[in-house]
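The following report looks at how strands are paired in one chain of a structure. Please read it alongside the sequence and the coordinates.

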Amino acid sequence: MNMEDLLNTQFVKLKEAMNDLFELKSAGHVLELKQSPGVLMFVALKHSNRKVKRNIKSGRDELHLQKSKVDLSRLQLQNLLYEVSHLKKEIVRCQKFKSRDTYLELLSDKEYAIKFAADGSDNANMSNHKTHLYRLECELRLRKELDNQYSALLTSKQELLQDNLKQTQKYLSFAPALRTLLESTKPLHDALQLSLDVEWKLSSIFKYLPRALYILFINLQALQRTKTEFASKVVGFESDQQMQELLLETENTLKERRHFTEKSTSIETVPDKSLDQVLKCHPLHIHLVIESPDKSFELILIVRYWQLLKCVTVRAQLNSTNNSNFQGDANMVEDLLGHLYPDDTGNYIPIPGIEYELQNLNLTTEKCLEYLVENGYGKPYCWLQSMCSIATVNKKQTFKHEFNLHKWIRKVFMRILKRWQSWLRLTQQIRGLTYKDVDLSISKENIYPEGLSCSLVQWTAISSEEFNIQNAGLIYNLSPSNGITYTSYRAVIVRGSAKMECFIRIPSNYPLDIPLWILSVHWNGRHTSMNNAAIKMMEFWTNSLQPSQLKKGNRLLYSQLFRTIYSFDIFLETEGSMQTVREYNKEKPYISTFTKRIRLRPYKYIMKGSTFTFKQ
Amino acid sequence: MKETDLKRAYNNVLAQAISTSQKFLFAGNLFGDIFVLSLNELNKATEEPPSKLKVFPQGSDVDINCLAFHRDFLIVGAIGLIYGIQWNEEDETLSTKRVWEIKIPMQVDAVEVPDVNSFYLCSETETLYAGCGDGVVYQIDLEDGRIQREYRGHTDYVHCVVGHPDGRIYSSGEDGTVHFWSDKQKEPTAILEPHKNPQLLRPDWGKWIGAVSVNDDWLVCGGGPRPAIWHLRSMECTRTFEYPGRVHVCEFVDDSVLIGGEHNHVQFYTLNGTLQANIPVEHTASYSSVWQTNPFNFMSIAGFSNKLHILKDFRFLDSKIDMYGNVQDEMEDEDQEDNDEDEGEDDSF
């Protein structure tokens with residue numbers, strides 16, 4: 001029952017009792033009888049009241065309980081929310097996080113694979129991240145190792161420095177004693193006429209050499225002691241004082257100019273005549289004398305250094321020691337040096353970045369080069385720079401800096417000598433052919449004992465134009481010549497009524513390239529490689545002769561000539577097999593006249609045991 | 001002369017073959033190199049330059065005298081030797097290994113190893129006929145590589161072998177004869193000697209017959225003697241051609257006759273002997289022609305020059321394709337960095 005109802009019923013009952021009492025009182029009845037039940041009702045009321053109060057209390061208690069529960073869950077919720085926001089922040093932080101290792105420069109995959117090939121066997125199944133970590137670890141180890149090595153090296157360097165210092169001090173302490181010794185022995189020198197002074201003077205000159213020439217000179221001196229084929233000397237000025245003055249002067253002008261260019265960045269024009277002053281080679285240069293194999297000539301190389309161009313140039317001169325004639329050899333020396341190495345003709349300045357430096361002075365490399373060549377200072381070949389330890393770039397932009405100078409210089413000299421020898425032999429051969437002071441039939445290159453049926457009747461020099469006109473078809477097929485010039489000759493070979501003209505083109509880079517022969521047969525019309533396959537095969541056979549196939553002592557040009565003559569013999573002897581009157585009978589030993597569908601003739605000469613045969 | 005220049009100037013292509021798929025052309029030269037050209041590239045209508053050739057060197061000691069293509073391998077005729085190499089159509093590569101090799105037997109009195117000069121491949125019977133330097137035509141079974149039969153009769157080496165699937169074989173040789181053979185008869189069925197015909201004889205150039213070709217009724221041959229058409233049954237010479245050079249190539253192409261050789265032109269004639277087309281070539285002499293009409297018209301003429309001449313309509317020159325200097329992965333400039341010891345350039349070495 002509801003508390004309100006409970007009380008209400010009590011109140012209603014009480015009111016009824018009151019009303020009854022009032023009625024009775026007003027009626028004047030005796031009250032005692034009715035009073036006691038009324039009083040009892042108060043007790044009941046009190047009871048109800050107590051009950052209600054208890055009810056309220058318990059209700060309040062419950063409310064409190066529930067309330068605290070709600071509070072608790074709310075608190076939890078708050079906590080959770082806070083946690084969420086915190087986590088979100090954390091996520092953002094994580095996303096923004098960048099490991100320092102990304103800035104590290106790691107080993108490339110390849111290097112890594114090489115260096116840690118052994119212990120990285122199981123990383124195939126590792127995740128990407130793990131591999132990375134693993135690699136970082138490896139890297140760390142490697143770096144630590146390297147660091148250790150570095151520090152070890154540093155300490156050893158320190159030690160060496162200390163050592164050096166100690167030694168220097170030790171030697172320096174000798175100096176005063178030596179000086180007194182020198183002075184005291186001077187009379188002795190004079191008495192014995194020792195030439196120490198001269199050497200001192202020389203050394204006093206070459207200490208003024210620019211770095212590049214100095215390196216060259218020192219190396220040459222060293223080589224000179226072991227070999228006697230060449231001599232080198234510094235040419236310049238006699239007295240020390242003059243030299244110093246000169247050096248000072250050039251330094252000053254250099255400084256001035258530098259000063260000037262810094263001040264005036266505006267365009268300045270360098271007049272042509274002052275190119276002389278601007279470039280100005282170092283006043284000292286080196287003379288290098290190489291003797292020819294037969295001791296009749298000496299080749300003088302004059303090496304100059306150009307401060308501004310940072311390169312050295314060489315000019316060659318040929319001197320005859322016994323005044324014999326050497327016509328046509330002037331070009332030879334130039335060709336010799338210009339084609340010493342392929343693609344190194346000295347037609348550009350091979351110093352990296354020189355064109356930009358010259359641009360600042362308003363010069364071009366072409367102009368400078370022109371100046372050098374015009375004034376006879378020679379050309380800046382790459383091999384020469386390498387001899388002086390100057391770094392070069394060639395046309396293909398490959399960088400070269402030679403460090404093993406000793407070996408390189410020796411190599412270059414060997415090459416020059418060898419080339420020279422080849423050239424001398426070639427000129428000898430050409431001279432022999434021109435003046436016909438060779439007996440072809442008994443020459444030792446003449447492989448076939450029976451001799452030749454054809455004879456060489458003429459060997460003359462012709463112009464290149466004439467050569468090109470004659471042989472336009474074949475030249476077209478060849479790769480372009482870079483910087484190579486050619487000397488051409490015409491040879492005439494005759495047998496009976498048949499005549500063969502040979503056009504020979506000798507390249508200036510001989511023997512890198514070998515002479516090219518072009519054949520033309522005049523016999524029942526003109527036959528060349530353009531209209532006759534047999535002639536073309538002949539020509540191939542002559543031109544395919546490589547120097548490496550020659551026997552020792554054989555001459556290339558002679559061997560080529562013999563090949564050509566034999567081929568011509570064979571051609572004539574195999575031609576016209578159906579004619580009733582044959583002009584040329586078979587004289588050479590060969591088995592079959594023709595083979596293959598191309599009707600190849602037996603141009604090849606072979607020696608089987610002791611028998612000689614010609615074969616296809 | 002540098003080796004590249006030498007090869008470029010004196011490239012002599014003796015043999016060509018087209019693959020079974022008709023997509024690739026093979027050309028072999030006397031330097032032992034086989035060039036492969038993709039025909040699809042040529043047939044494209046686009047203007048872009050055709051792709052480069054591939055080259056498969058067989059060794060400088062191998063003279064490639066003739067080529068044939070059967071199934072998926074290329075047959076090479078060299079000196080005293082016939083060998084097959086696998087052609088991989090997908091990778092477009094020739095295997096470096098020889099799949100099989102047949103040695104030509106040396107005759108008892110022979111002093112030189114005979115060249116394999118000419119192939120006739122009869123794909124119906126899987127038989128290869130090889131005309132060789134010893135004057136013998138060898139009939140080879142491609143199933144097992146056995147020499148089934150030797151056709152003997154020529155007194156000098158064989159220039160050219162052709163045939164017909166019904167068993168007729170024709171061979172021409174340096175001895176000036178064309179031998180007619182049947183696979184059922186031991187002796188030649190007939191012998192033709194064009195140089196005995198005064199109309200055909202050109203005395204300066206000899207009697208050899210460099211090339212022969214047949215169809216059902218007619219035969220064309222030439223060499224030192226003038227090229228001419230012969231009727232197969234009556235053995236009568238019905239028509240001569242005025243080709244001005246020595247003949248190394250003659251062939252029936254559709255309704256006309258192709259003649260080539262040591263002349264700066266190759267010529268097409270009608271069967272009546274009138275000149276149809278006169279095509280200038282760069283070869284000093286033309287030695288080989290291959291052609292197909294399906295899936296597209298294509299003819300390639302090769303010879304003693306560095307170029308293949310391509311004809312698409314058999315009347316006009318379509319293009320010239322360089323061989324050396326036009327090869328994939330070719331080194332333009334070999335490194336000439338020679339070391340100090342070997343300069344290989346001195347006379348006295």
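## Strand pairing in chain B

In this predicted model, strand β7 (residues 81-88) of chain B is joined by seven bridges to strand β8 (residues 93-103) of chain B, and the two run antiparallel. Within this pairing, B:Leu81 stands opposite B:Lys103 in β8(B). The connection between β7(B) and β8(B) is a hairpin with four residues between the strands, and B:Glu92 in the turn has a positive phi of about 55°.

β7(B) also pairs with strand β6 (residues 73-77) of chain B, again in the antiparallel sense, over five bridges. Here B:Leu74 has B:Ile85 of β7(B) as its bridge partner. β6(B) and β7(B) likewise form a hairpin, with three residues between them, and its turn contains B:Gly80, whose phi is positive at about 65°.

A further group of strands lies later in the chain. Four strands of chain B form an open sheet with antiparallel pairing, in the order β13-β14-β15-β16. Its edge strands, each pairing on one side only, are β13 (158-163) and β16 (190-192) of chain B. From one strand to the next, the twist averages 20°. Strand β14 (residues 168-173) of chain B runs antiparallel to β13(B) and is joined to β13(B) by five bridges, with B:Gly173 in β14(B) serving as the bridge partner of B:Val158.

The bridge counts are collected below.

| Strand pair | Bridges and sense |
|---|---|
| β6(B) and β7(B) | five bridges, antiparallel |
| β7(B) and β8(B) | seven bridges, antiparallel |
| β13(B) and β14(B) | five bridges, antiparallel |

Conventions: Residues numbered from 1 in each chain as written. Chains lettered and ligands numbered in written order. Predicted model: local features only at pLDDT ≥ 70, side-chain atom pairs only at ≥ 80, totals over all residues. Pairing = 2+ DSSP bridges. Axes fitted to C-alpha atoms, helices over the stretch in contact; angles between N-to-C directions.
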